[in-house]
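Work through the exercises below with the structure open beside you. Try each task before reading its solution.

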Amino acid sequence: MKKYASLLLFALLLNGCDDGDLTVETLDFKDVAATTCDPTTNTLIYKLKPQETLLLQMPEGKLINDATVDGKPLVYDIDDKTFRFFYRAYDGAVSVSNVCDAIPPATPNVNQEWRALSGKLQIVTEQINKTPAPADGHTEIVGYNHNITLVNATFSKPGPVLVNDEYVFGDFKTTAEPVVVAFTDEVAKYCNVQFKVYNNNLSNALVIENLDKSLIVDEDTPTGQPRKSLISLPTKDPAVTSNNLYYRIYSGNLPELPKEKYFCVDATPTTPAVKDTWVGVAGVANVSGIIEITTTHTLKVYKHKVYIKNATMKKGNSTFKLATDFYLGEVTTIAP
């Protein structure tokens, strides 16, 4: 970020007052795509035309990969210090180097500049899903579209100061690593003390906590009549909550020790640290968020097949769907 701050300050010092023939009265960049100098930080976003640039600078972490709630955009104060907006016209052809290089080329010169002194920066963000959707019904978030608008912005520019009720900077897209829940085997585990069912890979796990005690029973289910219950949201009172679904992505690999020693404990170990947690959305009877378990047995060995139907996972305001008929795996219990 320091690199880009230095860039903007350096360009201000240039302020090359050349007699170029490009004079601009309005800023028209609606058909120009926005890009960034550094996609890992997105601290300097710009639009580029043959002899013009539009620059938006903000601190790292302020452009958030999460959908905003309708009617509640992210809002930041334009202060010409940490949140800065510039328009520049040049006396020759301009390139990415003029915007992104730590030491920009000496030419072309800036012959006109608009600078936002105050106002509000509003960002409306929507998630972008993979299209077409996969055949099994799951969805994948592949990025986010950030629609950026300046509201009541005061511009310092050649001639009188301009107050603009609304100036649409436009869309800027960021990418996201899709979350795809799938397991390398179909063996699930059951913690019969903590009432958890889980399956995991090296660095992620799908866990049903506070499982409804009536779901895994050493008794065969009639053909076509699985035991059913709904996913519910966790509450502070464990007595009134059940079937809480979590998908956790860890910062490192889960320990090699038997996974029961990691999952089947009252206080889950803090290592490895959890990087992301997605929570199952509460189910609706006969519609969504349904847990179904079918049980068969041979001798005293009972096999419980665990399915999750039409479930949606949520983190912040972003959501994705598991496969319509998601198979968590088969749990084995042995009757006394």
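**Exercise 1.** With the side chain of which residue does the side chain of T295 make a polar contact?

*Solution.* The model is predicted, so every value here is computed from its atoms.
- Step 1: Find T295 in strand β15.
- Step 2: Follow its side chain to the partner. The polar contact is with the side chain of R227, at 2.7 Å.
- Step 3: Widen the view. Leaving out residues up to four places away in sequence, T295 touches V217, E219, D220, T221, R227, Y302, K303 and H304.
- Step 4: Check the burial. T295 has a relative accessible area of 0%, so T295 is buried.

**Exercise 2.** Place D212, then decide: is D212 buried, partly exposed or exposed?

*Solution.*
- Step 1: Go to the loop between β11 and β12 (227–230), where D212 lies.
- Step 2: Read the accessibility. The value for D212 is 23%. Buried would need under 20%, and exposed over 50%. D212 therefore counts as partly exposed.
- Step 3: Look for a polar partner. The side chain of D212 makes a polar contact with the side chain of S214 (2.8 Å).
- Step 4: Look beyond four places in sequence. There D212 is in contact with S229 and N243.
- Step 5: Compare sequence with space. D212 and L230 are 18 residues apart in sequence, and their C-alpha atoms are 9.1 Å apart.

**Exercise 3.** Which members of the largest nonpolar core touch the most other members?

*Solution.*
- Step 1: Take the whole set. The largest nonpolar core has 30 residues.
- Step 2: Pick out those that touch the most other members. They are V197, L206, L245, I308, L322 and F326.
- Step 3: Trace the strands behind this core. At least two residues come from each of β7 (141–156), β11 (204–209), β13 (244–250), β15 (290–298), β16 (301–309) and β19 (325–334).
- Step 4: Note that another core, of 26 residues, lies apart from this one. A34, I45, Y87 and I148 are among its residues.
- Step 5: Return to L322. Not counting residues up to four places away in sequence, L322 touches G137, H138, V181, L206, L245, I308, A311 and M313.

**Exercise 4.** Which residues lining the largest pocket are the closest to its centre?

*Solution.*
- Step 1: Start with the space. The largest pocket holds about 460 Å³.
- Step 2: Go through the lining, which has 21 residues. E177, V179, D276, W278 and K315 are the closest to the centre.
- Step 3: Assign the lining to elements. β7, β13, β14 (274–280) and β18 (318–321) each give two or more residues. The largest share, three residues, comes from β14.
- Step 4: Sort the lining by class. It has 10 nonpolar, five polar and six charged residues.

**Exercise 5.** Which strand gives the most to the lining of the second largest pocket?

*Solution.*
- Step 1: Start with the space again. This pocket holds about 180 Å³.
- Step 2: Locate the lining of 14 residues. P39, T40, N42, N65 and T174 lie nearest the centre.
- Step 3: Look for the main contributor. Strand β8 (residues 162–175) gives the most, with four residues.
- Step 4: Sort by class. Three lining residues are nonpolar, eight are polar and three are charged.

**Exercise 6.** Where are the prolines P132 and P272, and what are the omega values of the bonds T131 to P132 and T271 to P272?

*Solution.*
- Step 1: Find P132 in the loop between β6 (110–129) and β7. A cis peptide bond joins T131 to P132, with omega about -10°.
- Step 2: Find P272 in the loop between α3 (260–263) and β14. The bond from T271 to P272 is cis, with omega near 0°.

**Exercise 7.** D80 and L299 have a positive phi without being glycine. Is D80 buried or exposed, and is L299 buried or exposed?

*Solution.*
- Step 1: Place D80 in the loop between β4 (74–77) and β5 (84–90). Phi of D80 is near 60°.
- Step 2: Read its accessibility. At 18%, D80 counts as buried.
- Step 3: Place L299 in the loop between β15 and β16. Phi of L299 is about 55°.
- Step 4: Read its accessibility. At 75%, L299 counts as exposed.

Key: Residues numbered from 1 in each chain as written. Predicted model: local features only at pLDDT ≥ 70, side-chain atom pairs only at ≥ 80, totals over all residues. Heavy atoms only, no water. Core = buried A, V, L, I, M, F, W, Y, C linked by side-chain atoms within 4.5 Å. Buried < 20%, exposed > 50% of the residue type's maximum accessible area, 1.4 Å probe, protein only. Contact = heavy atoms within 4.5 Å. 1 Å grid on protein atoms, 1.4 Å probe; cavity = no way out; pocket = protein on both sides within 12 Å on 5 of 7 lines; lining within 4 Å. Points joined across faces, edges and corners; volume = space filled by probe spheres on them. Nonpolar A, V, L, I, M, F, W, Y, C, P; charged D, E, K, R; others polar. Polar contact = N/O pair within 3.5 Å; in protein donor to acceptor, adjacent residues only side chain to side chain.
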